[in-house]
Amino acid sequence: MDQAARKQQAAQAALEFIKPGVTLGVGTGSTVNFFIDELVRHRDDLAAIVASSRATEARLRARGLTVSELEDTGDLDLYVDGADEANKHFHLIKGGGGALTREKILAAASRKFVCIIDQSKWVATLGQFPLPVEVIPMARSWVARQFLKVRGQPVWRENFVTDNGNHILDVRNLQITNPVEFESRFNQVPGVVTVGLFANRPADVILMADDSGVKRLDRR
Ligand code: 5RP
């Protein structure tokens, strides 16, 4: 089974969380795209859908689904999204698609966060995947220098502007042994909009697909 098939399996497994009347946040990325394609069959159960990016919004609308604003829905029942890395504490690295800030807002605003991944995303220590950091453009170099102090290697994602009009630094060479502390510390650096670490608000459920099927992991 190839990686795309595993992503599709994980996405399909998330459908069991769609209950009648659910208010749903939808993440961004290729795994979530499979979820969106399946979601259409459950449209009658959806009280409201909020998108984490313009790309997701467009895909939802293209399938005839109505997209609402978080401002109008209030808190959400469920958030479904992929990840770039996940560990046994349900901490995640996200933002490979550059949607990390809106994703983090929806994760925080949701009572349950279901993360859908294939097994290649499972790691012992976060940081092999370059950590995406959304930055205010005029602070980009200054923020980059703050990551150099912890031996990170920040790389500007050139020719990319986030849905919020900002830039992304991808910070390589990190071994994030304390994700909660790291997230809190670097979120406070002036000029950082958010770091793509989801540790203070981890996933609640991980659905991980490998060749033998989809494993469900629940955070205690
Ligand atoms: C986008 C994300 C995605 O969830 C992450 O990059 C995983 O993407 P994919 O499902 O394509 O592997 O955080 O900002």
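Which residues make up domain 1, and which make up domain 2? I started my notebook with that, keeping in mind that this is a predicted model. I found that domain 1 takes in 3–123 + 200–218 of the protein chain, while domain 2 covers 131–195.

**Entry: how the domains sit**

I looked up the distance between the domain centres, taken over C-alpha atoms, and noted 24 Å. Then I turned to the contact, where domain 1 contributes 15 residues and domain 2 contributes 19 residues.

**Entry: the buried area**

I learned that the size of an interface is often given as the accessible area lost when the parts come together. For domain 1 and domain 2, I wrote down about 1300 Å² of buried area. Carbon and sulfur atoms give 49% of that area. Which three residues supply the most on the domain 1 side? They are Leu100, Lys104 and Asn200, and I noted that they supply 39% of the area domain 1 buries against domain 2.

**Entry: contacts across the interface**

I checked for salt bridges next, and the rule finds 1 between the two domains. I also looked at Lys104 again: its side chain meets that of Glu183 in a salt bridge, at 2.7 Å from N to O. For polar contacts across the interface, I recorded 11 residue pairs, both residues being at pLDDT 80 or more.

**Entry: the domain 1 side**

Which helix gives the largest share of the domain 1 side that touches domain 2? I found helix α5, residues 100–108, which brings 4 residues. My last note sorts the residues of this side of domain 1: 9 are polar, 4 are charged and 2 are nonpolar.

Terms used: Residues numbered from 1 in each chain as written. Predicted model: local features only at pLDDT ≥ 70, side-chain atom pairs only at ≥ 80, totals over all residues. Heavy atoms only, no water. Domains from an automatic or database assignment. Contact = heavy atoms within 4.5 Å. Buried area = accessible area lost by both parts, 1.4 Å probe. Salt bridge = Lys/Arg side-chain N within 4 Å of Asp/Glu carboxyl O. Polar contact = N/O pair within 3.5 Å; in protein donor to acceptor, adjacent residues only side chain to side chain. Helix = DSSP H or I, 4+ residues; strand = E, 2+ residues; numbered from the N terminus. Nonpolar A, V, L, I, M, F, W, Y, C, P; charged D, E, K, R; others polar.
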